[in-house]
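Trainee: I've just opened this one. Can you walk me through it?
Mentor: Sure, let's take a look.

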Amino acid sequence: MSRFVIEPPPQASVAVAGNSGRFPVRRIICVGRNYAEHAREMGSDPDREPPFFFMKPADAVTDGGVIPYPPLTASLHYEVELVVAIGAPGDHVAPGDGLALAYGYGVGVDLTRRDLQNAAKSAGRPWEWGKAFDFSAPCGPLSPVSAGGRAAPDARLSLTVNGQLRQTGVISDMIWSVPEIIANVSGAMRLAPGDLIFTGTPAGVGPLSPGDVVAARIDGLPPLDFSIAPRA
Ligand code: MN
């Protein structure tokens with residue numbers, strides 16, 4: 001007899017490079033603005049204001065493949081991001097100790113219903129309808145720190161749509177570094193194994209259409225490829 005009154009939901013998870021085992025996902029925490037040029041393109045001042053965050057449900061994560069064009073939007077945007085997978089608990093972590101919490105790193109895309117996000121911003125409403133929808137967090141396989149996975153400061157991020165380069169940036173262009181982000185989040189909530197942190201996107205965000213093919217890359221990390229389902 002099960003402890004649960006209904007079948008428990010499946011555990012959301014991400015692939016791990018070189019391992020048939022998968023990384024179970026607990027929460028997805030996203031940095032709202034972390035590259036100066038992207039802050040400017042979104043109409044913000046890129047000065048070093050404290051970082052801010054939003055979240056996606058764990059089961060928004062997907063390996064990629066074919067992603068349905070989501071409902072309620074005419075402006076589905078891509079945002080390539082470095083993903084940090086948390087492998088150890090942490091509470092009020094000092095920035096110097098932040099990296100010790102990392103299990104590994106991967107390439108993610110923070111899919112965004114930009115029209116809904118912009119409407120929410122204007123109205124002072126929450127961002128969830130713009131950010132936290134099904135399949136909104138495609139994530140490539142993680143590269144474990146134990147196998148040499150790292151986010152090198154000079155690693156280049158890029159994203160192409162149908163082979164055309166749309167986004168490019170360098171990890172060291174982040175306004176808040178990975179250990180600083182980990183420290184900051186851990187001061188607001190307990191970080192625990194299974195948490196994913198999407199660390200923000202460089203400039204060049206833009207729309208996706210049904211049938212588009214997306215390739216997201218960060219030097220030294222496993223690639224992320226997906227497409228948007230063609231119009232039915
Ligand atoms: Mn983002």
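Trainee: What coordinates the manganese ion?
Mentor: Glu79 (OE), Glu81 (OE) and Asp110 (OD) do, at 2.0 to 2.2 Å. Donors here are N, O and S atoms within 2.8 Å of the metal (3.2 Å for Na, K and Ca); water is not among the atoms, so sites may look incomplete.

Trainee: Where do those numbers come from?
Mentor: Residues are numbered from 1 along each chain as its sequence is written. The model is predicted: local features need pLDDT of at least 70, side-chain atom pairs count only at pLDDT 80 or more, totals for chains, interfaces and linings use all residues, and side-chain values use heavy atoms, with hydrogens and water left out.

Trainee: What spacing do the donors of the manganese ion follow along the chain?
Mentor: E-x1-E-x28-D.

Trainee: Is Glu79 buried or exposed?
Mentor: Buried, and Glu81 is too. Buried means under 20% relative accessible area, exposed over 50%, partly exposed in between (1.4 Å probe, protein chains only).

Trainee: New topic. Which residues touch the most other members of the largest nonpolar core?
Mentor: Ile197, Leu208 and Phe226, out of 41 residues. Such a core is a set of buried Ala, Val, Leu, Ile, Met, Phe, Trp, Tyr and Cys residues joined through side-chain atoms within 4.5 Å.

Trainee: Is there another core?
Mentor: Yes, one of 20 residues lies apart from it, with Ala12, Phe54, Ala137 and Leu142 among them.

Trainee: And the sheet: in what order do the six strands come?
Mentor: S4-S3-S15-S8-S9-S12, an open sheet with mixed pairing. Strands (E, at least two residues) and helices (H or I, at least four) are DSSP runs, numbered from the N terminus. Two strands pair if DSSP finds at least two bridges between them.

Trainee: Which strands stand at the edges?
Mentor: S4 (53-56) and S12 (143-144). Each has a single partner strand, so one side of each is left without a neighbour in the sheet.

Trainee: How many bridges join S8 to S9?
Mentor: Seven, and the two strands run antiparallel. Val83, for one, has Gly106 in S9 as its bridge partner.

Trainee: What does H4 touch on the sheet?
Mentor: S3, S4, S8, S9 and S15 (195-198). Contact means heavy atoms within 4.5 Å.

Trainee: Which residues of H4 are buried?
Mentor: Val178, Ile181, Ile182, Ala183, Val185 and Ser186.

Trainee: Last one. How many helices and strands does the chain have?
Mentor: Four helices and 18 strands.

How values were computed: Axes fitted to C-alpha atoms, helices over the stretch in contact; angles between N-to-C directions.
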